[in-house]
Structures are given as C-alpha cells and as structure tokens.
Amino acid sequence: MLRLGIPVIGVTDVPRAVAFWTAALDLVATEEWASDTWRTLDHADGSGRALGLLRSESPAESRPRLHLDLFTDTAEEQRAEVRRLTGLGARTVDWDLYPPDPDFVVLADPDGNIFCVVDLSHAPSGGDRPAG
C-alpha cells in the first residue's frame, strides 16, 4: 500500500539545515539513513518522522510550487514566531504575491527555501483548523 512519507527540503549545508530546522520546529536529528547528504528529523516527543533534509546543488526556487506552512493560533503568536525564526537564521521575503490582508508571512530558511507562517485565527476558513 502506498502512503505519504515526509516532506524533504533540499539544502546546500546539511549541518546548518539540521541546526535551523531542529530549533525552529523542536525536532531531533536521528541516525536513520544519516549520511553526508541526508538527515532525518523526528518529532521530539518520539511520535515519528517529521522532515527530511537532502543535500542539493540546485538553488532554492524563488516561487516554489511546494512549500511548508507552519501554523500559529493567533496574530500575536505569529509575530513572535516570525521574530524567533528570523533570530534562528530565517529571513523575511519581499513577497509580491501577498493578497490584501494576508493571514501568512513568507520567510526563507538559511538555504533560501521558502516557507510560510500562517495565523489560523485570520485564515480564510475563519479560524477553523484543518482536519488532522
């Protein structure tokens, strides 16, 4: 039976990416499949795999078709998380595709990979959480 695995992010510096994403999302690097070109990151609570990091020589896409959305519950939490993530090495992105009154902030990780921090209380769904 086919099943969805984990999202994988292409990075140029695996140790730097491990440091950023483990701190950003409270993940832990595992030895599962570990190599110079790959690291698996698990949820810190032991509930399983969360993210894969794969060394890549290609540059990050400025408008990727697939990206991570990181959820917060309030605008205040969103602002705090954006500050925390930029303190860890993310950068804000001058995103020209923001809609009026956006519910998300576009950031890039230290490798330039785009991701969003979404305020669910302001989401178009009216604050309803997506089904888990």
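Which residues point one way from β8, and which the other way? Hi everyone, let me walk you through that. I114, C116 and V118 point one way, F115, V117 and D119 the other, and all are buried (under 20% relative accessible area, with over 50% called exposed and partly exposed in between, using a 1.4 Å probe and protein chains only).

A quick word on the source: this is a predicted model, where local features need pLDDT of at least 70, side-chain atom pairs count only at pLDDT 80 or more, and totals for chains, interfaces and linings use all residues. Residues are numbered from 1 along each chain as its sequence is written, and side-chain values use heavy atoms, with hydrogens and water left out.

Now the neighbours. Strands are DSSP runs of E, at least two residues, and helices are runs of H or I, at least four, numbered from the N terminus; two strands pair if DSSP finds at least two bridges between them. β8 covers residues 114-119. With β5 (residues 68-72) it pairs in the parallel sense over five bridges, and L70 stands opposite V117. β7 (residues 104-108) runs antiparallel to β8, also joined by five bridges, with L107 opposite F115.

On to the rings. The whole structure holds four aromatic pairs (Phe, Tyr or Trp six-membered ring centres within 6.5 Å; planes under 30 degrees apart are stacked, over 60 edge-to-face, the rest tilted). One of them is F20 with F115, tilted, at 6.3 Å centre to centre and 55 degrees between the planes. That pair links helix α1 (residues 14-25) to strand β8, 95 residues apart. F20 is buried at 2% relative accessible area, and F115 at 1%.
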